[in-house]
Amino acid sequence: MDEAEDPPDPQQEPGENDDADDDWADICDHCGAEIGDNPNALLMLVRDSSAIHIGHSERDGKRVVQACCPDHAAALRAEYAARPWRRRELWAGKVYWAIDQRGGTAKLPQICADTGLSPWQVHLGVLYHDWRLVCARHRIRVARLRAGIDRAG
Ligand SMILES: [Zn+2]
């Protein structure tokens, strides 16, 4: 019988795993090509308001991406440059991380202490998260209606 694989450690920072099992991380973020020993591969730091780094809040809003070649690096740079920066998205990520760290429930003062956010920023982060859920549910409902899966009404 094969050795059982350990589940991923939720406390572990992405990229901190030295196991060879995380080959998924060694691909071009633009085309999915394997990077391997590609001498043209590039790593870049891009701004991304959805990037939250557990335990390293100074890194929040920054994401490391990799490309297999300069053209794909340029494409990724353009993609992230075009992505709107949303403070509320960043706050939402921090709030949900803080709640998760406390086992799924937390009081507002605890969230503020854990995230460094003001109560108003926490509130706006939660609203942003809820708004994104409503939008996602609406898109699913519209797609199902268009596919004839749901009955109208
Ligand atoms: Zn590529």
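The exercises below work through confidence, one buried residue and one helix pairing in a predicted model.

Residues are numbered from 1 along each chain as its sequence is written. Because the model is predicted, local features need pLDDT of at least 70 and side-chain atom pairs count only at pLDDT 80 or more, while totals for chains, interfaces and linings use all residues.

**Exercise 1.** Establish how confident the predictor is along the chain.

*Solution.* Start with pLDDT, the predictor's confidence in each residue, from 0 to 100: its mean over the chain is 84, and 82% of the residues reach 70 or more. Next, look at residues 1-11, where the pLDDT is below 50 and where the model has one contact beyond near neighbours in sequence, a contact being two residues whose C-beta atoms, placed from the backbone, lie within 7 Å. Then turn to residues 14-21, where pLDDT also stays under 50 and the model has three contacts beyond four places in sequence.

**Exercise 2.** Determine whether Leu90 is buried or exposed, and which residues Leu90 touches.

*Solution.* First, place Leu90 in helix H2 (residues 87-101), where a helix is a DSSP run of H or I of at least four residues, numbered from the N terminus. Second, apply the burial rule, by which a residue is buried if 20 or more other C-beta atoms, placed from the backbone, lie within 10 Å of its own, exposed if 12 or fewer, and partly exposed in between; Leu90 is buried because 21 other C-beta atoms lie within 10 Å. Third, list the partners: leaving aside residues up to four places away in sequence, Leu90 touches Ser49, Asp60 and Gly61. The C-alpha atoms of Leu90 and Asp60 are separated by 7.6 Å, although these residues are 30 apart along the chain.

**Exercise 3.** Describe how H2 is arranged against H4.

*Solution.* Begin with the axes of H2 and H4, which come within 7 Å and cross at roughly 95°; such axes are lines fitted to C-alpha atoms, for helices over the stretch in contact, with angles running from 0 to 180 degrees between N-to-C directions. H2 is therefore roughly perpendicular to H4, a label given to angles of 65 to 115 degrees. Now identify the residues that meet, among them Trp91 and Val95 in H2, and Leu124 and Tyr128 in H4. Finally, consider burial: the buried residues of H2 include Leu90, Trp91 and Ala98, and what covers the buried residues of H2 includes helix H3 (108-115) and H4.

Note on methods. Helices (H or I, at least four residues) and strands (E, at least two) are DSSP runs, numbered from the N terminus. Angles under 35 degrees count as roughly parallel, over 145 as roughly antiparallel, 65 to 115 as roughly perpendicular and the rest as oblique.
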